[in-house]
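Trainee: Could you take a close look at one part of this model with me? I'd like to start from the overall picture and then zoom in on a single residue.

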Amino acid sequence: MFVPFEAWTGGRSISSIGTNAGAPDIPFQNWRRFKEAFPPEFVAHAISQCPRPVKRCLDPFGGSGTTALACQFLGVHPTTIEVNPFLADLIESKLVRYDATDVARSFADLVRLANRTRVNPSKLYTSGPETLIEPGVNGRWIFDWEIAARLAAYVSALPKITNRNHRRLFRVILGGVIVDVSNVIVSGKGRRYRRNWINTRKDGSALDTAFCSAMESAIGDIVRFTPRRVHSFSVLHGNALQLIPSAGPVDISIFSPPSC
Ligand SMILES: C[S@@+](CC[C@H](N)C(=O)[O-])C[C@H]1O[C@@H](n2cnc3c(N)ncnc32)[C@H](O)[C@@H]1O
């Protein structure tokens, strides 16, 4: 018995398939909020309106993976291309079929390993800007030292997780929560400091709490939305202009192009 597409979207009715309102709260889509995403219903509509049967679909500008994930629920094999390595991993982490118990066990291993790891974050993030970690520059920094140290412990422990699908999932979920425990908020395409950030210092436990709660929610999504009608997928990491010829024949291509 497959989980229907409507179970994933909550069977919501939207005023227009051109609006992304509410879509970032849908399971999987909240792993990392992506403003430019379109609603899953847009994909379902495009496939239903296609004059030929759709078995394979290409999204050359994958973003957060809306097209690919919707295709799995709709029984269509998705091929996705994405040039941003983090987003390519985000897409793949949503499409992989997991055993939720194994994921939970592996995550417990990661936490145990991180608890035993001490890393100087300034030695790990040598290529970051000088404002990345406290003490930063001119009294400004993005991550408090304790948060950066805890993040460095997780990042250093990750390679010890043997299952690469689990490693990718943990990296993606961790990447999805770090802005929440930083001193900045995302504002448009840039960042700005939170009001009163200097007086609301965080220790490493803030990252533990955010990471564990996001993992709990992700494992819940995995449990509730498996199996899907199709679990196969292809994610091509790189530039669509070069990779489209290797995507193979498809019945439809559904995408929103990057803004210049
Ligand atoms: C508007 S977003 C796509 C959003 C997507 N429809 C969704 O629902 O999440 C465009 C994406 O194209 C990617 N991109 C831009 N230029 C690219 C290229 N030459 N090849 C592959 N991906 C590219 C960007 O990194 C971005 O993630």
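What radius of gyration does the protein chain have, and how does that sit with a compact globule of 260 residues? After that, please take me to leucine 110 and tell me where it lies and what it is in contact with, leaving aside its neighbours within four places in sequence.

Mentor: Sure, and keep in mind that this is a predicted model. The protein chain has a radius of gyration of 20 Å, which agrees with the value near 18 Å that a compact globule with 260 residues would have. Along its principal axes, the C-alpha trace spans about 60 × 40 × 35 Å. You'll find ten helices and six strands in there, and 34% of the 260 residues are buried. Take the contacts with a separation of 6 or more: 70% of them come from residues 24 or more positions apart.

Now for your residue. Leucine 110 lies in helix α5, which covers residues 100-115. Leucine 110 counts as buried because 20 other C-beta atoms lie within 10 Å, and 20 or more is what the label asks for. Once you set aside the neighbours within four places in sequence, leucine 110 is in contact with Tyr154, Ala157, Leu158, Ile161 and Phe170. Isoleucine 185 is another matter: leucine 110 and isoleucine 185 are 75 residues apart in sequence, and their C-alpha atoms are 27 Å apart in space.

While you have the model open, look at the ligand too. There are 19 residues around the ligand, and Ala37, Phe61, Gly63, Thr66 and Ala240 come nearest. That shell divides into eleven nonpolar, six polar and two charged residues, with β2 (77-82) and α10 (240-243) each supplying at least two.

Methods. Residues numbered from 1 in each chain as written. Predicted model: local features only at pLDDT ≥ 70, side-chain atom pairs only at ≥ 80, totals over all residues. Near = placed C-beta within 6 Å. Helix = DSSP H or I, 4+ residues; strand = E, 2+ residues; numbered from the N terminus. Nonpolar A, V, L, I, M, F, W, Y, C, P; charged D, E, K, R; others polar. Buried ≥ 20, exposed ≤ 12 C-beta atoms within 10 Å, placed from the backbone. Contact = placed C-beta atoms within 7 Å. Rg over C-alpha atoms; globule rule 2.2 N^0.38 Å.
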